[in-house]
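Subject: Structure handover and notes

Dear colleague,

I am passing on to you the structure we spoke of, together with its sequence. Please look through it before reading my notes.

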Amino acid sequence: MTVATINGLKTIRAIPKPGQQILSVNLSLVDFIQLSDIAKQLGFRPEVVQVAHRTRTEIHALLWQGEMLEAPADLADKIDQLAGLINPDAIYSVRGRSYADLVQSDSGG
């Protein structure tokens, strides 16, 4: 299946590569101006991107993307604060996992 995307708008993968992390907010569920103000207060610089899922594309405000080991120490606290200020269903925080991680979690380890 081919998913439509918008030319000229940065596209990020819905599932990041192993070791990578994404924090974004689905803009169909929040007001962008309000989110932008809140994000800036929390120290983020939002960037409008499209998130390409297997069967759909969503428009998000990307707040943070990078290596999990390089994530700010207070990222989890900022996500909690964000969830208290906007619709928490709009928050998209996902980490890429390696095959070894998947096998380990499936085996209960």
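Below I set out what was found, going from the whole chain to single residues.

Please keep in mind throughout that this is a predicted model. The chain holds three helices and five strands, and reading along the sequence gives the order β-β-α-β-β-α-β-α. Of its 109 residues, 35% are buried, and the accessible surface comes to about 6,900 Å², with carbon and sulfur atoms contributing 50% of that area. Among the contacts with a sequence separation of 6 or more, 75% are between residues 24 or more positions apart.

Strand pairing

Strand E4, which covers residues 57-67, takes part in two of the pairings I would like to describe, one with E2 and another with E3. Strand E2 (residues 20-26) runs antiparallel to E4 and is joined to it by seven bridges, and within this pairing Leu-23 stands opposite Trp-64. Strand E3, which spans residues 47-52, also pairs with E4 in the antiparallel sense, here over six bridges. The connection from E3 to E4 is a hairpin of four residues, and Ala-52 has Thr-57 of E4 as its bridge partner.

One residue of E2 deserves a closer look, namely Gln-21. Is Gln-21 buried or exposed? Its relative accessibility is 4%, and because the limit for a buried residue is under 20%, Gln-21 counts as buried. When neighbours within four places in sequence are set aside, the residues in contact with Gln-21 are Pro-16, Trp-64, Gln-65, Gly-66, Met-68, Ala-71, Leu-75, Ser-93, Val-94 and Arg-95. Trp-64, which is on that list, is also the residue that Leu-23 faces across the E2 and E4 pairing.

The first helix and its ends

Helix H1 runs over residues 32-41, and its buried residues are Leu-35, Ser-36, Ile-38 and Ala-39. As a general matter, residues three or four places apart in an α-helix point the same way, because such a helix has 3.6 residues a turn. The cover over the buried residues of H1 includes E2, E4 and helix H2, the last of these spanning 75-85. At the N-terminal end, H1 is capped by Asp-31, which places a side-chain oxygen 3.3 Å from the backbone nitrogen of Ile-33. After the helix comes Gly-43, which has a positive phi, near 95 degrees.

Salt bridges

How many salt bridges does the chain have? The count comes to three, and I take them in turn.

In one of them Glu-47 meets Lys-10, with their closest N and O atoms 3.7 Å apart. This pair links distant parts of the chain, since Glu-47 belongs to strand E3 while Lys-10 lies in the segment before strand E1 (11-13), 37 residues apart. Glu-47 is partly exposed at a relative accessible area of 33%, and Lys-10 is partly exposed as well, at 37%.

Another joins Arg-56 to Glu-58, where the closest N and O atoms are 2.9 Å apart. Here the partners fall into separate classes: Arg-56 counts as partly exposed at 41% relative accessibility, whereas Glu-58 is buried, with a relative accessible area of 16%.

The remaining pair is Lys-78 with Asp-74, with an N to O distance of 3.7 Å. Lys-78 counts as buried at 18% relative accessibility, whereas Asp-74 is partly exposed, with 32%.

Surface and second helix

On the surface, Phe-32, Ile-33 and Val-48 form a nonpolar patch whose accessible area is about 240 Å² together. Ile-33 is thus a member of the patch and also supplies the backbone nitrogen that Asp-31 caps. Val-48 lies in strand E3 and is partly exposed, with a relative accessible area of 33%; because patch residues need over 30%, Val-48 passes that limit.

Finally, Ala-83 sits in helix H2 and is partly exposed, its relative accessible area being 29%. Which residues does Ala-83 touch, not counting residues up to four places away in sequence? They are Pro-88 and Ile-91.

With best regards

Terms used:
Residues are numbered from 1 along each chain as its sequence is written. This is a predicted model: local features need pLDDT of at least 70, side-chain atom pairs count only at pLDDT 80 or more; totals for chains, interfaces and linings use all residues. Side-chain values use heavy atoms; hydrogens and water are left out. Patches are made of residues with over 30% relative accessible area and no salt bridge: like charges are joined within 9 Å, nonpolar side chains (Val, Leu, Ile, Met, Phe, Trp, Tyr) within 5 Å. Accessible areas come from the Shrake-Rupley method with a 1.4 Å probe; for residues, only the protein chains shown count as cover. A salt bridge is a side-chain nitrogen of Lys or Arg within 4 Å of a carboxyl oxygen of Asp or Glu. Buried means under 20% relative accessible area, exposed over 50%, partly exposed in between (1.4 Å probe, protein chains only). Two strands pair if DSSP finds at least two bridges between them. Contact means heavy atoms within 4.5 Å. A polar contact is a pair of N or O atoms within 3.5 Å; within protein, one must be able to donate a hydrogen and the other to accept it, and residues adjacent in sequence count only if both atoms are side-chain atoms.
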